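Good morning, and thank you for making time for this presentation. I would like to begin with the overall fold and then turn to one strand and its surroundings.

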Amino acid sequence: MAIGSGLGAQIGIAAESTYGTFVAPTRFPEFTKESLVLKKTTAQSAGIAANRLLALSSRRVVTRREATGSIDLEIANKGMGLLVQALMGTSVTPVQQGATAAYLQTHTLADTAGKSLTIQKGVPLTTGTVTDKSFLGCKITSGEFSCGVGEMLTGSFEFDAKDCDESQTLAAASYVNASPFHFGQMALKVGSFGAEAALDGIRKVSCKIERPQDTERFYANQSALKKEPISNDLVKISGSLETDYVATTLDDLHTSDGATSLVWEFVGPLIASTFFETFRITLPAVKLDEGPPAVDGYGVVKPTFNFTGLYDGTNLPKIELISVDTAL
């Protein structure tokens with residue numbers, strides 16, 4: 001029996017071949033919190049019946065079902081590929097680096113059509129029995145990454161889902177020996193694409209990638225369930241850079257509204273040869289929206305620069321992972 005509290009909970013994920021069709025979980029990421037829940041729309045009859053003072057239970061109907069929620073976790077050196085693929089949209093196969101145990105995943109920004117997940121969560125009763133809730137057709141609508149001084153790199157993923165199925169068998173969770181990326185491994189670089197240089201004074205970075213989709217595709221003949229959401233707006237990329245005012249590099253970019261390529265990366269231990277565990281976000285063109293330095297006391301000036309990620313006309317944003325994962 002599991003522990004009868006959140007200590008006994010689990011999350012399992014798998015890529016779906018067909019939107020909304022259950023696939024048994026293959027990855028079990030360690031998470032810090034989740035909020036996946038079934039949402040149902042009901043309608044209650046307003047029919048009049050002589051001398052009836054209360055609405056009749058049998059005349060309430062469920063007219064649509066869906067699910068929403070989020071998962072927060074620490075970004076680790078293994079097992080992150082399925083979530084990043086569902087966020088970015090490219091179908092990725094890890095590429096072996098040299099003849100080593102290192103494999104590179106390159107997740108370039110693309111449409112997310114066909115990129116849905118089954119997410120199965122186990123929720124413990126106080127008795128230690130773990131209940132199954134399998135969320136089908138999970139589409140990532142946004143992903144946000146953040147890391148500051150003394151922190152781990154964290155990710156928060158928002159989901160829209162087709163349905164919640166409680167009839168599946170709860171998978172037995174198995175965990176890989178993974179380590180989270182952290183501030184001590186963090187670097188931020190800016191400059192011309194492909195020739196970015198390290199930027200001093202960076203205290204915290206966050207980056208959010210939003211994938212707007214039409215999540216209201218409810219039609220007849222669908223048993224109150226939706227069809228796969230379709231992209232219906234431009235991708236939105238934004239973030240912030242919390243700094244000490246050690247140079248005018250970012251300030252000058254804000255003033256001129258000039259574009260710069262931004263590389264935010266975490267480089268961990270050596271895997272083999274010249275290949276290290278890596279998590280890297282590359283945004284070929286960002287512009288700073290606000291954040292000019294202001295003096296508000298005796299201390300070091302600490303401007304926060306907010307940015308927007310844009311398309312440079314040639315290179316698309318991407319997330320790269322180097323790990324020992326041979327498959328997503």
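A residue is called buried here when its relative accessible area is under 20%. Please keep in mind that this is a predicted model. By that cut-off, buried residues account for 45% of the 328 residues in the protein.

Let me continue with the general features. The secondary structure consists of two helices and 20 strands. Along the principal axes, the C-alpha atoms fill a box of roughly 80 × 45 × 40 Å. If we take the contacts between residues at least 6 apart in sequence, 70% of them join residues at least 24 apart. The accessible surface is about 15,900 Å², and carbon and sulfur atoms contribute 52% of that surface. As for charge, the protein has 28 positive and 35 negative charges, and the mean positions of these two sets lie 10 Å apart.

I turn briefly to helix H1, residues 81-88. How many of its eight residues are buried? Eight of the eight are, so the helix is largely enclosed by the rest of the structure. The buried residues include Leu 82, Leu 83, Val 84, Leu 87 and Met 88, and also Gln 85. Just after H1 comes Gly 89, which takes a positive phi of about 105°.

The main subject today is strand E11, residues 186-191. In a regular strand, side chains alternate between the two faces of the sheet. In E11, the covered face carries Met 186, Leu 188 and Val 190. The uncovered face carries Ala 187, Lys 189 and Gly 191.

Which strands pair with E11? One is E17, residues 260-272, which runs antiparallel to E11 and is joined to it by six bridges. Another is E12, residues 197-198, also antiparallel, with two bridges to E11. Val 190 takes part in both pairings: its bridge partner in E17 is Leu 262, and its bridge partner in E12 is Ala 197. E11 and E12 form a hairpin with five residues between the strands, and in this hairpin Gly 194 takes a positive phi near 90°.

Let us now look at Lys 189, which belongs to E11 and sits on the uncovered face of that strand. Is Lys 189 buried, partly exposed or exposed? Its relative accessibility is 26%, and therefore Lys 189 counts as partly exposed. Beyond its neighbours within four places in sequence, Lys 189 is in contact with several residues, among them Glu 196, Ala 197, Leu 262 and Glu 265. There is also a pair distant in sequence to mention: Lys 189 and Thr 282 are 93 residues apart along the chain, and their C-alpha atoms are separated by 9.5 Å.

Which side chain makes a polar contact with the side chain of Lys 189? It is that of Glu 265, at 3.1 Å. Glu 265 is found in strand E17, one of the strands paired with E11. Because its relative accessibility is 9%, Glu 265 counts as buried. The side chain of Glu 265 also forms a polar contact of 2.7 Å with the side chain of Arg 280. Setting aside residues up to four places away in sequence, Glu 265 touches Gln 185, Met 186, Ala 187, Lys 189, Phe 279 and Arg 280.

To close, I return to the central pair: Lys 189 counts as partly exposed, Glu 265 counts as buried, and a polar contact of 3.1 Å joins their side chains. Thank you for your attention.

Terms used. Residues are numbered from 1 along each chain as its sequence is written. Side-chain values use heavy atoms; hydrogens and water are left out. Helices (H or I, at least four residues) and strands (E, at least two) are DSSP runs, numbered from the N terminus. Buried means under 20% relative accessible area, exposed over 50%, partly exposed in between (1.4 Å probe, protein chains only). Contact means heavy atoms within 4.5 Å. Accessible areas come from the Shrake-Rupley method with a 1.4 Å probe; for residues, only the protein chains shown count as cover. Lys and Arg count as positive and Asp and Glu as negative; His and the chain ends are not counted. The place of a charge is taken as NZ of Lys, CZ of Arg, CG of Asp or CD of Glu. Two strands pair if DSSP finds at least two bridges between them. A polar contact is a pair of N or O atoms within 3.5 Å; within protein, one must be able to donate a hydrogen and the other to accept it, and residues adjacent in sequence count only if both atoms are side-chain atoms.
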